Amino acid sequence: MEHGMVQQALVTMIQNYLKLALRNLRKHSLYSSLNIAGLAIGIAACILIVLYVAHELSYDRWNPYSERIVRPCADIQFGGHHHQLATVGSIVAPEAAAELPEIEAWCRFRSYGSYLVKRDGPAQQNIKEEYVLTVDSSFFEVFPLKVLEGDARNCLAQPQTVAISRSRAEKYFSSPQAALGQTLVFENNERWQVTAVYEDIPANTHFKADLLLSMNGNEELKNDPPFWASNNNFNTYLLLRKGTDLAEFNQKFEKLVTEKVRVTVQALLGTTLEEVEKTGQYARYYLQNLTDIHLYSDLKAELAPNGSIRYVWIFSAIAAFILLIACINFMNLATARSSGRAKEVGMRKVLGGTRSSLVGQFLSESSLISAFSVALAVLLAAVAMPWYRDLTGRDLSMPWGHPLFWLSLLGTTGLVGLMAGSYPAFFLSAFDSLRVLKGQVAGLGKGGRFRSVLVVFQFTISVALIIATILVFNQLNFIQNKKLGFEKSQVIVLNDAYALGDKIYRLKEEMLQHPAIESATVSGFLPVPSNRSDQIFSKSQSFDQNDAVSMQHWRVDGDYLATMGIEIVQGRGFDPARVTDSTGVILNETAARQFGFEDPIGQKIYVPTRNFQEAPKPEDFMALTIIGVVKDFHWSSLRDNIGALCFQLGASRGHACFRYKGAETASVIAALEKNWKSLSPDQPFSYRFMDDAFARMYEAEQRIGTIAGIFGLLSILVSCLGLFGLAAFTTEQRTKEIGIRKVLGASVASVVSMLAKDFLKLVVFAIVIAIPIAYWAMDKWLQDFAYRIDIQWWLFALSGIIAVVVAFLTVSFQSVKAALANPVTSLRSE
C-alpha cells in the first residue's frame, strides 16, 4: 500500500508540474512560440540531413559479405596521361584467384552502355534500358540478391542468357513467374533467354542493373590480351574467405601485381619494369573495400556517380550546428527570462517550495516545449520529404517503422529539455529567497555575457553558410559561362542514333533541308557525357615509353568540327572527298605538345591495329598523318585539366547533333520526330539539348549548393527567431529607461540605435570570426576543380551585409515598437 501511495504522489506531482508548465507557456505565449518554432525548424532540418547522411553511409551494407569484398583498381601513368581506373583487365580476377587461396569467389562486370530492348513477338515497341551489365555466372555468389525465379547458381552459365529484375519482369511480362523462359530481343537482333528474375537491387548500391547478361561467349573476353596492364575494361570484385587478414592479403596482392606488371612490360615494351619506372611511368593496382566505393572513390569508369565523404561530414556538421543554434535560442531566451523569474523563485521558496520541486518545475517546462517542438519537427520533415527526395536525388523516406528513429526523437526531447532548462533549474533554484526578494542577487548579469557568446556562435555558423552558398553558386555560374572551346548552345542531340543504322545519314540529309538547321554531324563522341575511347599512339612503330602518348581517339564525320564550333588553329579540317583523309588525324593543342612536334602538320603517328598477345611488330601499327590542330576545348569536366585528344574520320553512330537557329526549337524537334518515326516507327524517339547535358555534369555540385543554401537560410531564420526574442525581452526590461529618454527629448532613431547597436556589435564580431573559417573551407572545396574562380573580397562583404541587414531588421521591429510607444504608459507606475 505504501508503494502505491508513493506512485500516486509521484503521478500527482508530475501532473501538477505539467499544469503549471502549460499555464506558464500560455502566459508567455511569445516566448513559447519563438522557442517551439525555432526548435521545430532546427530539429526538422536535422532529421532530414541525418536521413541523407544515414543513407549515404549505408551503401552496399545490405550485402552480408560486404566486409569481405574488395575491388581491384588501376593507377597507371603512361604516355603523358594519368589513368585512375575503377576497372582492370579481364585476366586479373582469374589469375589472382589461381595464385591467392584467400579468394573464395570473384565476379567481373562489363558495361557497354544502354540498349534498346523489346519482348519477343509481333508489334513490340523497343524500350531503352539504361542499366545493363554483362557479368560472370558467379554474380549471385558475390552479390546474394534474392532470386525470385530460376537457379541463382546456374542461371548465367550459358551464352545468350539473361537475369532480369522484378521491375523489368513486370514491365515486359506482367510478373516474375511469367518472365522465366521468355525471350528478349536486343537492338542487334540478338535473342536472350530469361533464366532468372531477381529482386530489384537496393537503391543504396554503388551500381544499378536491371538486366544481367551472361559473360559466357563474350567476344571481348575471347580477344583480351593475357596481360594485367592492358585493356582495363572490367569492374572486378573479389570475395575473400572468412577470417582473411585484409592487411596481409593486400601485401600478397601487391607482390602479385609487381610480378604480373613486370611480365607485361617485358612482353609489350621489351624492357624492364625498373627502366620504365625511371621515366616516371608505372602501372599499379590496389584493392578497395566494397563499402568504401560510394563515398571514397571517384575514379574513371565507375558504374554510377558516387557520393563523397566530404559532403557527408559537411552535412553532418550543418545538422549539428542547426540543432545547436536552435538549442542556443532556447537557452538564450531561458537565461534572458531568468532575471524576471528570480522573484518567482524567491516567492515560491518563501511559501515552502523546495529546491527539488523548483528544478522539476523548470525542467518540466523546458521538456514540454521540447516535446511540442519535436512533434512539430516530425510533421514538418514528413511534409518536406517528397521535395527533399527530389532535391537530394536519393530514395529517402521517413523511417516510421524503425525503433531507433523513435528512440532518437525521445532522446532529443530529453536532451534539449535538459540543456535549455538546466540554467534556470539549477542556477536560479539555488538562490537565497530573502536576498532575491530584496533584489540583492549577484550573478544575474553574467547571463548577459553568456548570451552574447551564444549569439556570436549562432551568427558565425550562419554567416559561414551564407559565404559557402554564394561561393558554390559563383563557381557553378563560372562553369556555365566559361568559354569551353566549343559552342554548346543551340545544339540538339538525337539520342540512340545507332538504332537507325545507316538510315541515320538519310535523316541527317533530310534535316539539313530544314531552313532552321545550320549544320549537322553524326558521331558517338561528344564534349558532354557520351562515349570515350582511350588509345595509346606512338611516334614510332613500337610501344617505346618515350614516344607513346595516351589520348582520346574520337571517330567523327566531316561536319563535326563546324557543328561543334571547334576552332582549327593549324592545317585544315576533314574532307571526305579526299581518299587520304581516311588515314588523317586532327589533334588538339595538348596532344600536339605532348608529341613534341615543332610543326605537327604532315607528321606521322602510329596506332596499334590489334590487341597484342606478344611484343608488337612494326606491321602491327597503322600510320596516321596529322592534317590539322584544333584549339584546346573542354571535352571533359572542368574538374580536370584538358587532356590529349585526336579526331579521325570514321563511322560512329551513337548520336546525331543539329545546330539550329534559336527561335526555331519547336519546329526542329517536330521535324526530327517526324523523320525519325518515318524511318523507324518501332524505335523510341529521344533527344536532349547539349547545354543541358553539360549542366548535368555538375548536378552533384548544384544539389550540394542548393541544399547548403536552404539549410543556411534555415540557420539564419532560427538565429533571427532567437534574436527577435532577445530583443523583445531586452526592450521589455528597458521600457522605463526608454520612457525617460523620450520624455527628455530622445528621438525614435536614437532609441532604435541604442537598442540595436549591442546586438549588431555581436553580429559584426561573428562575421569577423566566420570569414577565415569560410575562406579555408571553400578554398579546400575549390581545389577539386582544375578551373575555378578566385575567392573575391566582395563575397565576404556581401555575406556580412546580408547578416547585418537581417539582424538589424529583426531587432528593429521590437526597437521601433518600443520607441514609438507612449512614455506616459511606461512611467505611469512611477
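Among contacts in the protein chain between residues at least 6 apart in sequence, what percentage join residues at least 24 apart? The figure is 80%, and with that we can start looking around this predicted model.

## The chain as a whole

Let's begin with the overall picture. The protein chain has 830 residues, and 51% of them are buried. Along the chain there are 25 helices, together with 24 strands.

What about the surface? About 37500 Å² of the protein chain is exposed. Carbon and sulfur atoms supply 56% of that area.

## Aromatic pairs

Aromatic rings give us plenty to look at here, with 35 aromatic pairs in the structure. Take Tyr115 and Phe186: their ring centres are 5.3 Å apart and their planes meet at 80°, so this pair counts as edge-to-face. Tyr115 belongs to strand 4 (residues 115-119) and Phe186 to strand 9 (residues 183-186), so to speak two distant parts of the chain, 71 residues apart, linked by the pair. Tyr115 and Phe186 are both buried.

Trp554 and Phe633 make another pair, and with ring centres 6.4 Å apart and planes at 70°, the pair is edge-to-face. Here too, distant parts of the chain are linked, 79 residues apart. Trp554 sits in strand 17 (residues 548-556), while Phe633 is in the loop between strand 21 (621-630) and strand 22 (645-649). Trp554 is buried, with a relative accessible area of 0%, and Phe633 is buried as well, at 0% relative accessibility.

## A ring cluster, and charges over rings

Some rings join up into a group. Which residues do ring pairs link into a cluster? They are Phe109, Phe139, Phe140, Phe143, Tyr198, Phe207 and Tyr237.

Charged side chains also meet rings in this model. Over the ring of Phe234 sits the charged end of Arg110, 6.0 Å from the ring centre. Lys488 has its charged end over the ring of Phe694, and there the distance to the centre is 5.1 Å.

## Cysteines without bonds

How many disulfides does the structure have? The count comes to zero. A disulfide is a covalent bond between the sulfur atoms of two cysteines. To be counted as one here, the two sulfur atoms must be within 2.5 Å.

Cys327 shows how a cysteine can miss that cut-off. The closest cysteine sulfur to the sulfur of Cys327 is in Cys46, 9.1 Å away, and that is too far for a bond. Cys327 is buried, with a relative accessible area of 5%. Cys73 is buried too, and its relative accessible area is 0%.

## Two positive phi angles

Finally, have a look at two loop residues. Asp60 has a phi near 65°, a positive value in a residue other than glycine. You'll find Asp60 in the loop between helix 2 (29-57) and strand 1 (69-78). Is Asp60 buried or exposed? Its relative accessibility is 1%, so Asp60 counts as buried.

Gln160 is not a glycine either, yet its phi is positive, at about 60°. The loop that holds Gln160 runs between strand 7 (147-150) and strand 8 (161-165). With 32% relative accessibility, Gln160 counts as partly exposed.

Methods
Residues are numbered from 1 along each chain as its sequence is written. Side-chain values use heavy atoms; hydrogens and water are left out. Helices (H or I, at least four residues) and strands (E, at least two) are DSSP runs, numbered from the N terminus. Buried means under 20% relative accessible area, exposed over 50%, partly exposed in between (1.4 Å probe, protein chains only). Contact means heavy atoms within 4.5 Å. Accessible areas come from the Shrake-Rupley method with a 1.4 Å probe; for residues, only the protein chains shown count as cover. Rings of Phe, Tyr and Trp (its six-membered ring) pair if their centres lie within 6.5 Å; planes under 30 degrees apart count as stacked, over 60 as edge-to-face and the rest as tilted. A charge sits over a ring if NZ of Lys or CZ of Arg is within 6 Å of the ring centre and within 35 degrees of the ring normal.
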